[in-house]
Amino acid sequence: MKTLLWLQAAGCGGCTMSLLCAESPDVIETLEDAGIRLLWHPALSVETGAEVLTLLNAITEGRQVLDILCVEGAIARGPAGTGRFQMLAGTGHSLMHWVERLAPRAAHVVAVGSCAAFGGVTAAGGNPSDAVGLQYDGGHSGGLFAPDWRAGGADPVINIAGCPTHPGWVTETLMLLAAGEEIALDGFSRPRFYADHLVHHGCPKNEFYEYKASARELSEIGCMMENLGCIGTQAVGDCNIRPWNGEGSCTRGGYPCINCTAPRFEDPAHAFVETPKVAGIPVGLPTDMPKAWFMALASLSKAATPERIGQNAKADRVLVPPTLRRPK
């Protein structure tokens, strides 16, 4: 039986809310089936006060084995490196204090969500709380822990980035750790089982994308890359391959992908629903595609756009159905 402790640091708690959307099976059943015992979660457990303090001290003193430490939310290091902007109530110590002491006792440390991984929304703007991720500060190695820091199992912090992160990414990571399987990580320590995919893969708007038939307003069903800021062609994640609750994703809901699995997504330097352009050309182009090739293909695609796709792209529903092909 593997043990798991979950801490909520500086963030909104949205990753826990997302995790509760796991289904078939739900998260509690998933943990039980994987042989994982949840020692404590601040929102899901009944223990509080002295009981929690006793548990935390038992872990830091080596009297309680900790296999997996999950941290949700960024680490607020302020003011002046004390971490006292966020205290763990009843303990007299900051969340930063507890994470620094608990992490070395864990076989594996998991950053749940982009705040815990990179700082995320908590670190947006001027970052007055001096918030960082566990092992990254934005896109730079070294957050609360140094770049070469390793957990007891010799792994770096596993970054399940996303805002909020997908429940399937969390449960799959925990099941792999419980089974003793090695988790392949990408260059930002994100599990490759989802980071090797792009949000673009499986997007329901791909037919519009192929012809560069673009929406102009959020209510329209065309591709949102050209005008509405969608960067699903650059963002890692299998959101449209295994959508939330079996059917939901940002682009399926008519909202552009904002690349929430990436460091510094929270400060794009423009509105999330606007595509920055230079001389009318979108700045953000698909991953791995040279700009000249994209522009040439885009021009050809627009010229070849079928009337059905062109009309539907600028509507809020399908106006022109596919052409009927009667058998001969």
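Which residue forms a salt bridge with arginine 264, with the closest N and O atoms 3.2 Å apart? Keep that question in mind as you look through these close-up views of a predicted model.

**View 1. Arginine 264 and its salt-bridge partners.** The residue asked about above is glutamate 266, whose closest approach to arginine 264 is 3.2 Å between N and O atoms. Arginine 264 also forms a salt bridge with aspartate 267, and here the closest N and O atoms are 2.7 Å apart. Now look at how much of each residue is open to the outside. Arginine 264 has 37% relative accessibility, so it counts as partly exposed. Aspartate 267, at 32%, is partly exposed too. Glutamate 266 has 9% relative accessibility and counts as buried, because buried means under 20%. Across the whole structure, a search finds 12 salt bridges.

**View 2. A salt-bridge network of Glu172, Asp238 and Arg242.** These residues are linked to one another through salt bridges. One of the links joins aspartate 238 to arginine 242, with 2.8 Å between the closest N and O atoms. Is aspartate 238 buried or exposed? Its relative accessibility is 4%, so aspartate 238 counts as buried. Arginine 242 reaches 24% and therefore counts as partly exposed.

**View 3. Histidine 166, in the loop just before helix 6.** Find this histidine in the loop that runs between strand 11 (158-160) and helix 6. With a relative accessibility of 5%, histidine 166 counts as buried. Where does its side chain reach? It comes to 2.7 Å from the backbone oxygen of arginine 242, a residue you met in the network of the previous view. Setting aside neighbours within four places in sequence, histidine 166 is in contact with Ser18, Arg242, Pro243 and Trp244.

**View 4. Helix 6, residues 167-178.** Here is a nice piece of arithmetic to try yourself. At 1.5 Å a residue, the 12 residues of this helix should span 16 Å, and the end C-alpha atoms are 17 Å apart, which agrees. How many of the 12 residues are buried? Nine are, so helix 6 is largely enclosed by the rest of the structure. Among the buried residues are Trp169, Val170, Leu174 and Leu177. After the helix comes glycine 180, which has a positive phi, near 75°.

**View 5. Lysine 212, a buried residue with no salt bridge.** This lysine sits in the loop between helix 8 (206-210) and strand 12 (277-278). The nearest side chain of opposite charge belongs to glutamate 210, and it is 8.4 Å away. What does the side chain of lysine 212 reach at 2.7 Å? The answer is the backbone oxygen of tyrosine 209.

**View 6. Two regions named in the UniProt record.** An unreviewed UniProt entry gives residues 12-176 the annotation "domain: NADH:ubiquinone oxidoreductase-like 20kDa subunit". In the model, residues 12-176 are 29% helix and 21% strand, with end C-alpha atoms 27 Å apart. UniProt, again in an unreviewed entry, places "domain: Cytochrome-c3 hydrogenase C-terminal" at residues 197-272. What share of residues 197-272 is helix, and what share is strand? The values are 7% helix and 0% strand, and the end C-alpha atoms of this region are 22 Å apart.

Notes. Residues numbered from 1 in each chain as written. Predicted model: local features only at pLDDT ≥ 70, side-chain atom pairs only at ≥ 80, totals over all residues. Heavy atoms only, no water. Helix = DSSP H or I, 4+ residues; strand = E, 2+ residues; numbered from the N terminus. Expected span 1.5 Å × (residues − 1). Buried < 20%, exposed > 50% of the residue type's maximum accessible area, 1.4 Å probe, protein only. UniProt positions renumbered as here; feature names shortened; annotations may be inferred. Lys, Arg positive; Asp, Glu negative; His and termini not counted. Salt bridge = Lys/Arg side-chain N within 4 Å of Asp/Glu carboxyl O. Polar contact = N/O pair within 3.5 Å; in protein donor to acceptor, adjacent residues only side chain to side chain. Contact = heavy atoms within 4.5 Å.
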